[in-house]
Amino acid sequence: MSTPIIKIEGLHKEYSLGKVKVPALKGVDLEVPAGQFVAIMGPSGSGKSTLMNILGCLDRPTRGTYYLDGADVSRKSDNELAEIRNRFIGFIFQTFNLLSRTTAVANVELPLVYRGMPAAERRKRAVRALESVGLADRMTHKPNELSGGEQQRVAIARAIAGDPKLILADEPTGNLDSRSGEEVMAIFQDLHRQGITLILVTHDPDIAGHAERIISVRDGRILSDVMVEDRLDAKKLLAEMPAPEETA
Ligand SMILES: Nc1ncnc2c1ncn2[C@@H]1O[C@H](COP(=O)(O)OP(=O)(O)OP(=O)(O)O)[C@@H](O)[C@H]1O
Ligand SMILES: [Mg+2]
């Protein structure tokens with residue numbers, strides 16, 4: 001088998017709040033082959049965002065190792081991690097995280113600016129990315145001149161403009177109505193078909209049903225991890241899962 005794009009072993013994360021230690025991840029092992037579409041579910045406080053931050057090289061584990069595309073990134077410096085994030089990973093957040101006074105196209109260009117890409121190439125890529133998410137006619141709109149669904153599509157364009165291998169999305173549909181949420185998921189399906197590895201955190205079983213693998217996290221550990229053969233299986237499986245309030 002080829003090298004998994006993600007391989008984590010014995011991952012622990014403890015936050016320090018003054019003298020108090022808050023264990024957020026308590027021994028997570030996970031392998032994700034390149035090109036897989038994974039959904040992570042679990043109750044509030046179970047460690048999903050903590051895991052995503054480590055997968056995205058925004059944070060480091062307290063203990064354990066993380067191999068990203070075969071390279072151990074658990075102990076790299078901040079500068080090295082920033083470089084890896086910029087080249088390799090696209091991020092999508094619940095709250096879009098766009099610059100409010102900046103046009104859609106300039107928001108999408110921003111990560112490419114940090115990469116030192118020439119302006120013309122940058123613009124070409126940003127325009128192409130916005131076209132691919134159906135926003136060809138919204139290039140010069142600022143975030144407050146766009147709907148929530150459109151803002152999230154700008155954020156997706158920003159995430160994909162640099163051709164990442166891995167896209168991490170933490171509750172990308174959490175602030176959207178169901179129709180905009182489905183539009184976002186249609187784009188994710190498209191990215192999946194292009195071979196990009198996608199990891200998505202969601203509380204919504206219908207959203208998780210778009211993925212091919214569903215991992216549920218409880219109290220800092222992986223509770224279940226299932227491959228979904230088709231959408232009907234996913235629906236059945238999710239119906240059988242205990243509701244978050246029963247296990248939180
Ligand atoms: N920066 C931090 N400092 C201290 N504790 C933290 C910090 N970030 C998260 N925690 C704690 O770590 C645990 C896991 O938090 P995390 O944000 O990963 O949960 P989550 O599964 O993403 O929850 P939600 O569904 O509400 O987003 C929680 O107990 C939380 O209070
Ligand atoms: Mg979270």
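Visitor: I'd like to start with two helices, H5 and H6. Is their crossing right-handed or left-handed?

Guide: The crossing of H5 and H6 is right-handed. Keep in mind as we go that this is a predicted model.

Visitor: What else do I need to describe a pair like that?

Guide: Two packed helices are described by the angle between their axes and the distance between the axes. For H5 and H6, the angle is about 20° and the axes are 9 Å apart. Angles under 35 degrees count as roughly parallel, so H5 and H6 are roughly parallel to each other.

Visitor: Which residues of H5 and H6 meet?

Guide: On the H5 side, look for Gly148, Gly149, Gln152, Arg153, Ile156 and Ile160. Their partners in H6 are Ser180, Glu183, Val184, Ile187 and Leu191.

Visitor: Those H5 numbers seem to come with gaps. How should I read that?

Guide: An α-helix has 3.6 residues a turn, so residues three or four places apart point the same way. Try it on the model: pick out Gln152, Ile156 and Ile160, which are among the H5 residues that meet H6.

Visitor: How can I check the length of H5 against what a helix should span?

Guide: Use 1.5 Å a residue: the 13 residues of H5 should then span 18 Å. The C-alpha atoms at its ends are 18 Å apart, which agrees.

Visitor: Is H5 mostly covered or mostly open?

Guide: Mostly covered, with eleven of its 13 residues buried. The buried set is Glu150, Gln151, Gln152, Arg153, Val154, Ala155, Ile156, Ala157, Arg158, Ala159 and Ile160.

Visitor: What covers the buried residues of H5?

Guide: The cover includes two strands, S6 (89–93) and S7 (166–170). It also includes helices H3 (104–114), H4 (119–132) and H6 (178–193).

Visitor: Let's go to the core. Which residues touch the most other members of the largest nonpolar core?

Guide: Val38, Ala157 and Leu200 do, in a core of 62 residues. Helix H5 (residues 148–160) supplies the largest share of this core, six residues.

Visitor: What is Ala157 in contact with, leaving aside its neighbours within four places in sequence?

Guide: Its contacts are Val108, Ala129, Leu130, Val133 and Leu135. You can place some of these: Val108 belongs to H3, while Ala129 and Leu130 belong to H4.

Visitor: At what angle do H3 and H4 pack?

Guide: The angle is about 125°, and their axes are 9 Å apart. That makes H3 oblique to H4. The contact uses Ala104, Val105, Val108, Glu109, Leu112 and Val113 of H3. From H4 come Arg122, Arg123, Arg125, Ala126, Val127, Ala129 and Leu130. The crossing of H3 and H4 is right-handed.

Visitor: Now backbone angles. What should I look for in phi?

Guide: Most residues other than glycine have a negative phi, and most peptide bonds are trans. Here, Phe96 has a positive phi, near 70°. Glu171 has a positive phi too, near 55°.

Visitor: Where do Phe96 and Glu171 lie?

Guide: Phe96 is in the loop between S6 and H3, and Glu171 is in the loop between S7 and H6.

Visitor: Are Phe96 and Glu171 buried or exposed?

Guide: Count C-beta neighbours: a residue with 20 or more others within 10 Å is buried. Phe96 has 22 other C-beta atoms within 10 Å, so Phe96 is buried. Glu171 has 20 C-beta neighbours inside 10 Å, so Glu171 counts as buried as well.

Visitor: What would a partly exposed residue look like?

Guide: Try Ser49, in helix H1 (residues 48–55). Ser49 has 19 other C-beta atoms within 10 Å, so Ser49 is partly exposed. Not counting residues up to four places away in sequence, Ser49 touches Asp170 and Val201.

Visitor: And which residues does Thr65 touch, not counting residues up to four places away in sequence?

Guide: Thr65 touches Ile8, Glu9, Asp72 and Ser74. You'll find Thr65 in strand S4 (residues 63–68). With 14 C-beta neighbours inside 10 Å, Thr65 counts as partly exposed.

Visitor: How far apart are Thr65 and His203 in space?

Guide: They are 27 Å apart, C-alpha to C-alpha, and 138 residues apart in sequence.

Note on methods
Residues numbered from 1 in each chain as written. Chains lettered and ligands numbered in written order. Predicted model: local features only at pLDDT ≥ 70, side-chain atom pairs only at ≥ 80, totals over all residues. Core = buried A, V, L, I, M, F, W, Y, C linked by C-beta atoms within 7 Å. Buried ≥ 20, exposed ≤ 12 C-beta atoms within 10 Å, placed from the backbone. Helix = DSSP H or I, 4+ residues; strand = E, 2+ residues; numbered from the N terminus. Contact = placed C-beta atoms within 7 Å. Expected span 1.5 Å × (residues − 1). Axes fitted to C-alpha atoms, helices over the stretch in contact; angles between N-to-C directions. Parallel < 35°, antiparallel > 145°, perpendicular 65-115°, else oblique. Left-handed = near helix turned anticlockwise from the far one by under 90°.
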